[in-house]
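Colleague: I would like to learn how to read a protein model feature by feature, with the general idea stated before the particular case. Could we work through one together?

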Amino acid sequence: MEIRAATGQDAGAIARVHVESWKTTYAGIVPEAYLASLNEAEREASWEEWLTLDVDVFVAEVDGEVVGFVSGGALRDPIEEFDAELFAIYLLQREQGRGIGTALLRRLAGSLKDRGFRSMAVWVLEDNASGRFYTQSGALRVRSKEMEVGGVMLPVVAYGWADLGAIDSGA
């Protein structure tokens, strides 16, 4: 496995992982019609643009195939005591449970720390089982709200890490 900074040429592979991961991760949580409407070509165009912005994006490759990604940057919506945000972290289902997600999280934390950020939060659909991943990596549940996805209001929770250094070092 290799973790590396994403380039514009990774937009298609990231879009594929993004769409496939949404369909497996959010089945039974997000309306099925919304999941069925996800389009790799549209996501690829979004990722081509996203990769030109001031955000950190890293991909995980296994045998030369992009199987996961993580992105983050400055906090978009204020959450007291946090200055950075994990925007997205997704892995193909077949690659989950192998430490790749933790490696991606640590790489992002180290990069954000190097850019002068001190802490990080992430918004997660409450019914998504990934909450356990975040708490096992040292995050605490800090806030909740509702968010519209596919025409339905769903509960989301924010998890936060007060110290990026603790993630980066694996502490």
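**Reading a predicted model**

Modeller: Let us start from a single residue: leaving aside its neighbours within four places in sequence, Val 149 is in contact with Trp 22, Val 30, Pro 31, Tyr 34 and Leu 154. Please keep in mind throughout that this is a predicted model.

Colleague: Where is Val 149 found, and is Val 149 buried or exposed?

Modeller: Val 149 belongs to strand S6, and its relative accessible area of 5% places it among the buried residues, because buried means under 20%. As for its distance from another valine, Val 149 and Val 122 are separated by 27 residues in sequence and by 17 Å in space, C-alpha to C-alpha.

Colleague: Before going further into single residues, what pattern does the protein follow along the sequence?

Modeller: The protein has six helices and seven strands, and read along the sequence they give β-α-α-α-β-β-β-α-β-α-β-β-α. Its radius of gyration is 15 Å, close to the 16 Å that the globule rule gives for 171 residues, so the protein is as compact as a globular protein of that length. The C-alpha atoms fill a box of roughly 40 × 35 × 30 Å along the principal axes, and buried residues make up 48% of the 171 residues. Among contacts between residues at least 6 apart in sequence, 65% join residues at least 24 apart.

Colleague: How many residues does the largest nonpolar core have, and which have the most contacts inside it?

Modeller: The largest nonpolar core has 53 residues, and those with the most contacts inside it are Val 30, Leu 86, Leu 104, Met 120, Tyr 134 and Trp 161. Elements that each supply at least two residues of this core include helix H1 (11-25), helix H4 (100-114), strand S5 (120-125) and strand S7 (152-161), while S4 gives the most, with seven residues. To see one of these residues in its surroundings, take Tyr 134, which, leaving aside its neighbours within four places in sequence, is in contact with Leu 86, Ile 89, Val 122, Val 124, Ala 139, Tyr 159 and Trp 161. There is also a second, separate core of five residues, which includes Leu 75, Phe 82, Ala 121 and Ala 158.

Colleague: How should I read a strand, and which residues of S2 point one way and which the other?

Modeller: In a regular strand the side chains alternate between the two faces of the sheet. In S2, Asp 56, Phe 58, Ala 60 and Val 62 point one way, whereas Val 57, Val 59 and Glu 61 point the other way, and all are buried. With seven of its seven residues buried, S2 is therefore largely enclosed by the rest of the structure. Strand S1 (residues 2-5) pairs with S2 in the antiparallel sense over four bridges, with Ile 3 opposite Ala 60. S3 also pairs with S2 in the antiparallel sense, over seven bridges, and here Val 59 stands opposite Phe 69.

Colleague: What should I make of the sign of phi, and what is the phi of Asp 63?

Modeller: Most residues other than glycine have a negative phi. Asp 63, although not a glycine, has a positive phi of about 50°; it lies in the loop between S2 and S3, a hairpin with two residues between the strands, and counts as exposed at 81% relative accessibility. Glu 81 likewise has a positive phi, near 75°, and is placed in the loop between S3 and S4, where its relative accessible area of 71% makes it exposed.

Colleague: Finally, how should I read a helix, and what are the buried residues of H1?

Modeller: An α-helix has 3.6 residues a turn, so residues three or four places apart point the same way. H1 has 15 residues and reaches 20 Å from its first C-alpha to its last, close to the 21 Å expected. Its buried residues are Ala 11, Ile 14, Ala 15, Arg 16, Val 17, His 18, Val 19, Ser 21 and Trp 22, and they pack against helix H2 (32-37), helix H3 (40-50), S2, S3, S4 and strand S6 (140-149). H4 also has 15 residues and reaches 21 Å, close to the 21 Å expected; among its buried residues are Leu 104, Leu 105 and Leu 108. H4 is followed by Gly 116, whose phi is positive, near 100°.

Conventions
Residues numbered from 1 in each chain as written. Predicted model: local features only at pLDDT ≥ 70, side-chain atom pairs only at ≥ 80, totals over all residues. Heavy atoms only, no water. Core = buried A, V, L, I, M, F, W, Y, C linked by side-chain atoms within 4.5 Å. Buried < 20%, exposed > 50% of the residue type's maximum accessible area, 1.4 Å probe, protein only. Contact = heavy atoms within 4.5 Å. Pairing = 2+ DSSP bridges. Expected span 1.5 Å × (residues − 1). Rg over C-alpha atoms; globule rule 2.2 N^0.38 Å.
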